[in-house]
Amino acid sequence: MTALLITDVRPWGRSATDVAVLDGRIVAALPEGVEPQVVPGRGRLLLPSFSDVHVHLDSTRIGLPFREHTGSPGIWPMVMNDRANWRSAELPVAERAELTLGRMIARGATRVRSYAQIDVDAGLERFDAVRRAKEAHADRCDVAVIAFPQAGLLREEGTVPLLEEALRQGADVMGGIDPCTLDRDPKGHLDVVFDLAERYQVPIDIHLHEPGHLGVFSTDLVIERVRALGMQGQVTMSHAYDLGSVDEATTRRLVETFAELDIAMATVAPARQQGLPLTALAEAGVRVGLGEDGQRDYWSPYGNADMLERTWQLAFTHGFRADELIEHCVAIATVGGAAVLDATAPRLGGVADRPGLEVGDPAELLLVDGETVTSAVMDRGTDRTVIHAGRVVADGLALVPGAGQGLPD
């Protein structure tokens, strides 16, 4: 039996109170005679911990010397740039992934879905590295690993058997990417993705960078398969930057269809906002989560392993100013993402919903300094305490010794 008593905290910025935790869940009160570990809240905010639903731990350069960006525009040139450089980094992939995941946890993320690139160049090396990071931090964070065909499924012979081997070895999610523009065979690409997902009984996460009408075309092919195969609640569309750019009727149709088939969305808060509108998605009941994408890697110099920073970016890129909308971004980054990772988890009931801190909820928690939730997003303070499965795993942006075997921050 593990017990915590978190004193003097303000759940979602409300009045100060004490919060009791027993065996990994919030409880109304601790049983008589139980001696809890006391966690001083000191008037800080209490929020659900972050859920990073879209991160590439296999390409991170967090903690390494900053390097000049050498990539060229376009997915295939960027793949080739990464391929030319990833092996020559100052640390092996597994150590980089472990270090980055540790920093993410220390800043408040306790639920993560990470891509692991699998292709004829890397084989399963990067997949194995992400799994090692997952195992190193197993006591601090829940991690799902995506078998991800970053270089496409069909354009290089030998890719599909590698992906199947990763699934055989325990990959948690089957990935797909740009069925039209990368493999130039949308039917063939999606047939492989859905076939492997069905055979190994895993959900699907599809990277979609395709523009406008083409992106809608690929999405409609995904929708057809979800409906035909009864895979409601098992598919996430990631990025999907341009799905809201065609016309109002198409936007409305996609939002309604995503809600009907329980297709989730993962965003990384890109600078260019022509995706499906966050507020419409929330009111329709579509699961939406947030992720950090690459972390100062060979694709981009951005990223610092801090989901609070990415939450600020989500609010900023959408032009949100009202407190309710900025708080909604926090809800997306926390419980919204948790529902993307687990379709059976509680989900947001609309823009004003603030769940995750009630009796019976899992003790995946973050204490952070701030006058209000909005001010915490603006200030992004460092006085943070992170709780996973009812145990303190990080404090003051440092991992707690003994709570897992990951690298120190």
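These legends describe close-up views of a predicted model.

**View 1. Strand E10 and its two strand partners.**
Strand E10 covers residues 204–208, and 5 of its 5 residues are buried. Ile204, Ile206 and Leu208 lie on one side of E10. Asp205 and His207 lie on the other side, and both faces are covered. In a regular strand, side chains alternate between the two faces of the sheet. Strand E9 (residues 173–177) pairs with E10 in the parallel sense, over 4 bridges. Within this pair, glycine 176 stands opposite isoleucine 206. Strand E11 (residues 235–239) also pairs with E10 in the parallel sense, over 5 bridges. Here the bridge partner of histidine 207 is serine 238 of E11.

**View 2. Crossovers into and out of E10.**
E9, helix H5 (residues 186–200) and E10 form a β-α-β unit, and this unit is right-handed. From E10 the chain crosses through helix H6 (residues 212–229) to E11. That β-α-β crossover is right-handed too.

**View 3. Helix H6 and its cover.**
H6 has 18 residues, which should span 26 Å at 1.5 Å a residue. The end C-alpha atoms are 26 Å apart, so the helix agrees with that expectation. The buried residues of H6 are Gly212, Gly215, Val216, Ser218, Thr219, Leu221, Val222, Ile223, Arg225 and Val226. An α-helix has 3.6 residues a turn, so residues three or four places apart point the same way. H5, E10, E11 and helix H7 (248–261) are included in what covers the buried residues of H6. Glycine 230 follows H6, with a positive phi near 65°.

**View 4. Isoleucine 204 and the nonpolar cores.**
The largest nonpolar core holds 99 residues. Those with the most contacts inside this core are Ile6, Met174, Phe194, Ile204, Phe258 and Leu365. Helix H10 (residues 323–341) gives the most to this core, with 7 residues. Leaving out residues up to four places away in sequence, isoleucine 204 touches Val173, Met174, Val193, Phe194, Ala197, Met231, Gln234, Val235 and Thr236. Another core, of 8 residues, lies apart from the largest one. Among its members are Leu64, Trp86, Val93 and Ala129.

**View 5. Helix H3 and its neighbours.**
Helix H3 (residues 125–136) has 12 residues, which should span 16 Å at 1.5 Å a residue. Its end C-alpha atoms are 17 Å apart, which agrees. Arg126, Phe127, Ala129, Val130, Ala133 and Ala136 are the buried residues of H3. They pack against three other helices and two strands: helix H1 (75–85), helix H2 (93–106), helix H4 (159–168), strand E7 (109–117) and strand E8 (142–148).

**View 6. Strand E5 between E1 and E14.**
Leu45 and Leu47 point one way from strand E5 (residues 45–48). Leu46 and Pro48 point the other way, and all are buried. Strand E1 (residues 3–11) runs parallel to E5, joined by 2 bridges. Arginine 10 stands opposite leucine 45 in this pairing. Strand E14 (residues 365–368) runs antiparallel to E5, joined by 4 bridges. Proline 48 stands opposite leucine 365 of E14.

**View 7. Aspartate 306, a buried loop residue.**
Aspartate 306 sits in the loop between strand E13 (288–290) and helix H9 (307–317). Its relative accessibility is 9%, so aspartate 306 counts as buried, the cut-off being under 20%. Not counting residues up to four places away in sequence, aspartate 306 touches Arg107, Glu292 and Arg384.

**View 8. Leucine 154, a partly exposed loop residue.**
Leucine 154 lies in the loop between E8 and H4. Its relative accessibility is 33%, so leucine 154 counts as partly exposed. With residues up to four places away in sequence set aside, leucine 154 touches Asp183, Asp185, Gly188, His189 and Val192. The C-alpha atoms of leucine 154 and methionine 237 are separated by 20 Å. Those two residues are 83 residues apart along the chain.

**View 9. The annotated domain.**
An unreviewed UniProt entry places the feature "domain: Amidohydrolase" at residues 97–394. Over residues 97–394 the chain is 41% helix and 17% strand. The end C-alpha atoms of this stretch are 18 Å apart.

How values were computed:
Residues are numbered from 1 along each chain as its sequence is written. This is a predicted model: local features need pLDDT of at least 70, side-chain atom pairs count only at pLDDT 80 or more; totals for chains, interfaces and linings use all residues. Side-chain values use heavy atoms; hydrogens and water are left out. Buried means under 20% relative accessible area, exposed over 50%, partly exposed in between (1.4 Å probe, protein chains only). Two strands pair if DSSP finds at least two bridges between them. A crossover is right-handed if, with the strands pointing away from the viewer, the path from the first strand over the helix to the second runs clockwise. The expected span of a helix is 1.5 Å times one less than its number of residues. Contact means heavy atoms within 4.5 Å. A nonpolar core is a set of buried Ala, Val, Leu, Ile, Met, Phe, Trp, Tyr and Cys residues joined through side-chain atoms within 4.5 Å. UniProt positions are given in the numbering used here, feature names are shortened, and annotations may be inferred rather than shown by experiment.
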